[in-house]
Amino acid sequence: MIIKGKIVKGMGIAGDLGFPTVNIEYGGLERGVFAARVKYRGVEYAAAVNVGPKPTFDIDKVFVEAHLIEVEGFEAVEGSEIKIELVEKVRDVKKFKDGAELSRQISSDIEIVRDLL
């Protein structure tokens with residue numbers, strides 16, 4: 001499945017956990033964590049993508065957020081176009097007891113995504 005959209009400002013929670021993301025508006029997609037390829041300004045990146053709310057932080061708003069793997073200093077321009085290709089679902093959205101537990105799970109998700117891509 002391919003998602004195209006304009007980059008929007010996120011809440012900064014993933015970045016605070018050490019996993020900065022680029023975000024686009026939700027478009028009625030299946031929810032979960034996915035291995036994905038992100039194309040931005042002609043460059044393709046491997047990514048772990050979350051489609052869903054942030055239940056660990058009691059936020060019901062649904063986001064599409066992509067953490068680009070092994071990319072540092074990435075700066076997305078809000079309002080610019082981005083393409084995300086969801087390759088394979090890794091897991092369902094889940095509530096964790098706190099940010100530390102979520103961070104450990106994200107690290108595990110990223111390892112799975114590396115293996116898949």
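**Group meeting: a walk around a six-stranded barrel**

Hi everyone, let's start at one seam: β3 and β6 run antiparallel and are joined by seven bridges. Within that seam, V38 has I84 of β6 as its bridge partner. Please keep in mind that this is a predicted model.

Now let's follow β6 to its other neighbour. Five bridges connect β6 with β1, again in antiparallel fashion, and there K4 stands opposite K83 of β6. Going all the way round, the strand order is β1-β2-β5-β4-β3-β6, a closed barrel of six strands with antiparallel pairing. On average, neighbouring strands of this sheet are turned by 45° against each other, ignoring direction. A helix joins the picture here: α2, residues 99-116, packs on the sheet and touches β3, β4, β5 and β6. The direction of α2 makes about 100° with that of β6.

On to another seam. Strand β4, residues 43-54, runs antiparallel to strand β5, residues 59-68, and seven bridges hold the two together. One of the bridge pairs is V51 with V64 in β5.

You'll want to remember V64, as we turn to the interior. Which residues have the most contacts inside the largest nonpolar core? They are V49, V64 and I84, in a core of 19 residues. So I84, the bridge partner of V38, comes back here as one of those three. Every strand from the barrel takes part: β1, β2, β3, β4, β5 and β6 each supply at least two residues of this core. As a general reminder, nonpolar side chains in soluble globular proteins tend to be buried together.

If you click on V64 and look beyond its neighbours within four places in sequence, you'll find a long contact list, including I3, V22, I24, Y26, L29, V49, V51 and I84. Polar or charged names turn up as well, among them N23, E25 and N50. Apart from this core lies another one, of nine residues, with F19, I69, I110 and V113 among them.

Next, a look at L17, in the loop between α1 and β2. Is L17 buried or partly exposed? At 24% relative accessibility, L17 counts as partly exposed, because buried would require under 20%. Setting aside residues up to four places away in sequence, L17 touches F57, G99, L102 and S103. The C-alpha atom of L17 is also separated by 9.9 Å from that of R104, and those two residues are 87 apart along the chain.

Finally, the aromatics. How many aromatic pairs does the structure hold? There are two. Take Y45 and F74: their ring centres are 5.5 Å apart and their planes stand at 80°, so this pair is edge-to-face. Since Y45 belongs to strand β4 and F74 to the loop between β5 and β6, the pair ties together parts that are 29 residues apart in sequence. Y45 is buried, with a relative accessible area of 18%, whereas F74, at 25%, is partly exposed. Ring pairs bring in Y40 too, giving a cluster of Y40, Y45 and F74.

One last ring before I hand over: F63. The charged end of K54 sits over the ring of F63, at 4.6 Å from its centre.

That's my tour, and I'm happy to rotate the model for anyone who'd like another look. Thanks for listening!

Methods:
Residues are numbered from 1 along each chain as its sequence is written. This is a predicted model: local features need pLDDT of at least 70, side-chain atom pairs count only at pLDDT 80 or more; totals for chains, interfaces and linings use all residues. Side-chain values use heavy atoms; hydrogens and water are left out. Two strands pair if DSSP finds at least two bridges between them. Helices (H or I, at least four residues) and strands (E, at least two) are DSSP runs, numbered from the N terminus. Axes are lines fitted to C-alpha atoms, for helices over the stretch in contact, and angles run from 0 to 180 degrees between N-to-C directions. Contact means heavy atoms within 4.5 Å. A nonpolar core is a set of buried Ala, Val, Leu, Ile, Met, Phe, Trp, Tyr and Cys residues joined through side-chain atoms within 4.5 Å. Buried means under 20% relative accessible area, exposed over 50%, partly exposed in between (1.4 Å probe, protein chains only). Rings of Phe, Tyr and Trp (its six-membered ring) pair if their centres lie within 6.5 Å; planes under 30 degrees apart count as stacked, over 60 as edge-to-face and the rest as tilted. A charge sits over a ring if NZ of Lys or CZ of Arg is within 6 Å of the ring centre and within 35 degrees of the ring normal.
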